[in-house]
Amino acid sequence: MSTETGTITDATICRIIAGAVPRAGSITPSMSLQADLGVDSVGLMSIVFLLEEHTGIDAFEYVQEFIAAEYVCDLIAIVRRGSDAR
Amino acid sequence: MTSRIIDFHCHVAAEMCFPPSFRDGVIDNITVALEARGMPVSKAKVAKLYAGTLQDPLCDQLVAEMDEAGISEAVLLIPDFTHALPDSTHTIEELIDHHRLVRDRHPGRFRIFAGVDPRWGEDGIALFERSIAEYGFDGMKLYPPCGYTLSDRLLYPFYEICAAYRVPVLTHIGATAPVLDFELAQPIHIDQAARDFPGVDFVFAHATVHYTDECAMLCNNRPNLYLDVSGYEASASARLNALLRRGINHKVLFATDWPIFRLQGRQATFIDRLITDGAIPDTMPESERAMFFAGNATRLLGKKKVTHPPISKGALHG
């Protein structure tokens, strides 16, 4: 996966995700949302809304992809598709 | 992990099965939780995301996830909200017909438990018996928060049908969408019915997270009472571990409550986490694991008599 598209880097997306996972330290793309970060239903919703707010993607175009996401890299891929579509 | 898995508690993931007022209450709770986490968002946005979890009306995604998780069969439950919640978009007859369609689309993968609110009277009794005798359904689903208790005499004609056909009754236990009455959903309300119908097996849903001690006590002392563990996905692995150490594993049924926890992972994830999160005690013998994952479900579902003279008036006449 490309590490940078436009001005949004993987690291930036990870930092945005971290805003919804306050207990986590440094987040990396290979981390599991549930096993590593303990993301629950409300946590995933928080992540989706934060990504929408900070990256400008239309999150509702990708609801099924967000539901199926298991790893941080899955979320990064969704943001990239959303950014490319804009 | 184990050779066979039966999921005793699933629903069709479709908005038609959950009336708007039911969904609104769930969304209210999520919105409050988001706001508390410093994430004020409109209910409309939460509703749109939540609706995404209810877009598998024919259960194709569920079957794919069952395959991935090694779940051979699942029980699909039809709670009847249509009497209690007037904004239901489909009648209970339409919901039952839809579940027949789903079952026939995936041969051998689903058993169906029909719910019929007892206040529908003779028509409801006939519809329920038809679901067993004619449609081949395998049990009854009850939802007391809709406005009745488990020993309500209005339910006794349904229990007579369950006794005649030897099919189990699974009941919701505990809190639910805030539009409904929580107080009615206490497990002790089963006691009179369980005594009056010793030939009917009753299953408490969500006993890992709701009234765990009371459910376990009742199951330990009444031969025809069982419990399912759905809800353990909500950070309740330690509670499930404790439940599986109580010496009643011949009464405990594996269950997930699909699609309620779809935002927390796939069915395979939840199976894996039984081990990785320590929900299954290290000391649990293989024979008890086999009962938990499939043996108890097989035993309950295997008692059914496929033919029986009709109990209700007009059961086979529509």
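**Notebook: core, helix H1(A) and the A–B contact**

I looked up the largest nonpolar core of this predicted model and found 127 residues in it, with Leu75(A) and Leu253(B) having the most contacts inside it. Such a core is a set of buried Ala, Val, Leu, Ile, Met, Phe, Trp, Tyr and Cys residues joined through C-beta atoms within 7 Å. Buried means that 20 or more other C-beta atoms, placed from the backbone, lie within 10 Å of the residue's own (exposed: 12 or fewer; partly exposed: in between).

I numbered residues from 1 along each chain as its sequence is written, with chains lettered from A. For local features I needed pLDDT of at least 70, and for side-chain atom pairs 80 or more, while totals for chains, interfaces and linings use all residues.

Next I listed what Leu75(A) touches: Ile13(A), Ile17(A), Ile47(A), Leu51(A) and Ala69(A), leaving out residues up to four places away in sequence.

I then checked helix H1 (residues 10-18) of chain A, whose buried residues are Asp10(A), Ile13(A) and Ile17(A). They lie on the same side of H1(A) because they cover an arc of only 65 degrees around the axis, taken from the directions from the helix axis to the C-beta atoms. Helices (H or I, at least four residues) and strands (E, at least two) are DSSP runs, numbered from the N terminus.

Last, I looked at the two chains: 18 residues of chain B are in contact (C-beta atoms, placed from the backbone, within 7 Å) with 14 residues of chain A. Helices H1 (20-36), H2 (43-51) and H10 (267-276) of chain B each give two or more residues to that side.
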